[in-house]
Amino acid sequence: MTNVLCRLPNHVGDCCMTLPALKLLEDSGYTPMLVGKRWAEDLFAGTGYRFDPIEGHVTEDITRIRYLSNYVGPKPLGILFPNSFSSALLFRMGNIQSAGFKTDMRRFLLTTPLEEPGPMHEVERFFRVVYDAIVAWGGTPAYDKPQTHLGLRLMLRHEAAARNLIERHQIPKRFALLAPVARGLHHGKTKHWAYFNALCPVLRSLGVEPIVFPSPDEEIINQRACPDATILPPTTLGNYAALAQLAEVVIANDSGISHVAASVSAKQITLMGVTTPERTGPWNPDAVVLGSANAGWPSIDEVTTAIKAMVKPE
């Protein structure tokens with residue numbers, strides 16, 4: 001099988017949404033070799049793909065990419081999931097024959113510049129990069145549509161860690177994972193729903209304990225956003241995904257956690273107010289999505305009704 005160096009996106013949710021594209025690459029006779037931010041290594045450990053980190057230090061990253069290029073062999077192939085100029089420049093300096101959409105004035109850096117598709121979900125967009133690249137390389141894609149589930153494969157150690165975390169922190173058998181924080185702005189607007197704390201008594205009335213595992217360095221902001229939940233120390237993304245499988249429900253903004261939950265087909269409710277489900281909603285056919293950029297944020301009553309429909313009382 002031909003090795004292909006795949007530059008992952010820089011954000012958790014986007015990384016999750018590349019999974020169907022990576023599966024297409026594998027099923028079409030290629031071996032993905034992942035390059036991305038160090039935190040993604042744990043998330044993708046169960047895929048079995050080789051992973052090499054980039055740290056954001058230009059000289060070190062170029063040295064690592066050139067090493068990988070030599071390791072793969074003459075004229076190594078590459079896939080660029082990000083749209084950035086810098087990602088294309090890094091692969092070009094590593095002598096990688098890269099394919100990607102010709103965005104951000106980077107066409108001259110790409111060996112295989114691909115036409116931008118029309119409006120579509122990000123999962124479909126990432127899938128399209130791989131599909132069009134395979135065709136351009138003279139290969140035959142195994143299929144022409146992404147699978148209906150992201151299909152993240154977890155390690156046994158992730159599942160064991162989830163059980164250990166439940167035991168160590170004395171998490172009740174029935175628990176909900178809440179992700180009340182989404183950092184940054186989208187077109188100048190706040191990306192998180194403001195009423196997560198109001199969900200704690202609703203969940204407890206159903207016999208479900210609200211739990212928050214914040215991202216590193218976000219403990220304080222999560223405590224402020226949802227002070228009545230049980231706030232626990234951060235854990236890895238792989239461990240979180242395994243916990244999501246065991247949760248009664250995962251309730252999150254349109255953020256990385258929403259897509260981590262979707263990656264393992266967890267029971268989930270995703271709240272949106274400034275983004276659109278058609279582009280970044282969870283790729284999980286069983287997910288409940290409330291709100292949108294057009295409709296605005298859902299009300300507390302709407303979210304409460306969705307919780308009671310999904311989570312049955314003891």
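1. A residue counts as buried when its relative accessible area is under 20%, and as exposed when that area is over 50%. This cut-off settles the case of T304. The residue is at 12% relative accessible area, so T304 is buried. The model is a predicted one, and the values below are computed from it.

2. Where does T304 sit? T304 belongs to helix α13, which spans residues 300-310. What does T304 touch, leaving aside residues up to four places away in sequence? Its contacts are L199 and V202.

3. V202 also turns up in a long-range pair. R163 and V202 are separated by 39 residues in sequence. In space their C-alpha atoms are 25 Å apart. R163 itself is in helix α7, residues 156-168. Its relative accessibility is 52%, so R163 counts as exposed.

4. N70 is another exposed residue, with a relative accessible area of 64%. Its place is in helix α4. Take N70 together with E159. The two are 89 residues apart in sequence, and 36 Å separates them in space, C-alpha to C-alpha.

5. Now the sheets. One open sheet has six strands, paired in parallel, in the order β3-β2-β1-β4-β5-β6. Its edge strands are β3 (50-53) and β6 (112-114), and each of these pairs on one side only. Neighbouring strands of this sheet are turned by 20 degrees against each other on average, with direction ignored. Strands of a sheet pair through backbone hydrogen bonds, in either a parallel or an antiparallel way.

6. Look at β5, residues 97-101. With β6, strand β5 pairs in the parallel sense over three bridges. A99 stands opposite T112 of β6. β4 and β5 also pair in the parallel sense, again over three bridges. Here Q97 in β5 is the bridge partner of L77.

7. Is β5 largely enclosed or largely open? Four of its five residues are buried, so the rest of the structure largely encloses β5.

8. Two helices lie across strands of this sheet. Helix α2 (residues 19-27) lies across β1 (2-7) and β2 (30-36), and runs at about 145 degrees to β2. Helix α6 lies across β2, β4 (77-80), β5 and β6. The angle between α6 and β5 is about 135 degrees.

9. A further open sheet of six strands follows the order β11-β10-β7-β12-β13-β14, and its pairing is parallel. β11 (230-231) and β14 (288-290) stand at the edges with a single partner strand each, so one side of each has no neighbour in the sheet.

10. Within that sheet, strand β12 (residues 249-253) pairs with strand β13 (residues 268-271). The pairing is parallel and runs over four bridges. Q268 in β13 is the bridge partner of V250. Helix α11 lies across β7, β12 and β13, and runs at about 145 degrees to β12.

11. Next, the pockets. How much space lies in the largest pocket? The volume there is about 1400 Å³. The pocket is lined by 47 residues, and H11, V12, G13, S255 and G256 are the closest to its centre. By class, the lining has 20 nonpolar, 17 polar and 10 charged residues.

12. Which elements build that lining? At least two residues each come from α1 (12-17), α6 (122-136), β7 (175-179), α10 (237-246), α11 (256-263) and α12 (277-280). The largest share, four residues, is from α1. Two of these contributors have appeared above: α6 lies across β5 among other strands, and α11 lies across β12 among others.

13. The second largest pocket has a volume of about 230 Å³. It has 13 lining residues. Nearest its centre are V58, D61, S86, S87 and L90. The lining comprises six nonpolar, four polar and three charged residues.

14. Which helix gives the most to the lining of the second largest pocket? That is α5, with five residues. Both α4 (58-72) and α5 (85-93) supply at least two residues of this lining. Helix α4 is also the one that holds N70.

Notes: Residues numbered from 1 in each chain as written. Predicted model: local features only at pLDDT ≥ 70, side-chain atom pairs only at ≥ 80, totals over all residues. Heavy atoms only, no water. 1 Å grid on protein atoms, 1.4 Å probe; cavity = no way out; pocket = protein on both sides within 12 Å on 5 of 7 lines; lining within 4 Å. Points joined across faces, edges and corners; volume = space filled by probe spheres on them. Nonpolar A, V, L, I, M, F, W, Y, C, P; charged D, E, K, R; others polar. Pairing = 2+ DSSP bridges. Axes fitted to C-alpha atoms, helices over the stretch in contact; angles between N-to-C directions. Contact = heavy atoms within 4.5 Å. Buried < 20%, exposed > 50% of the residue type's maximum accessible area, 1.4 Å probe, protein only.
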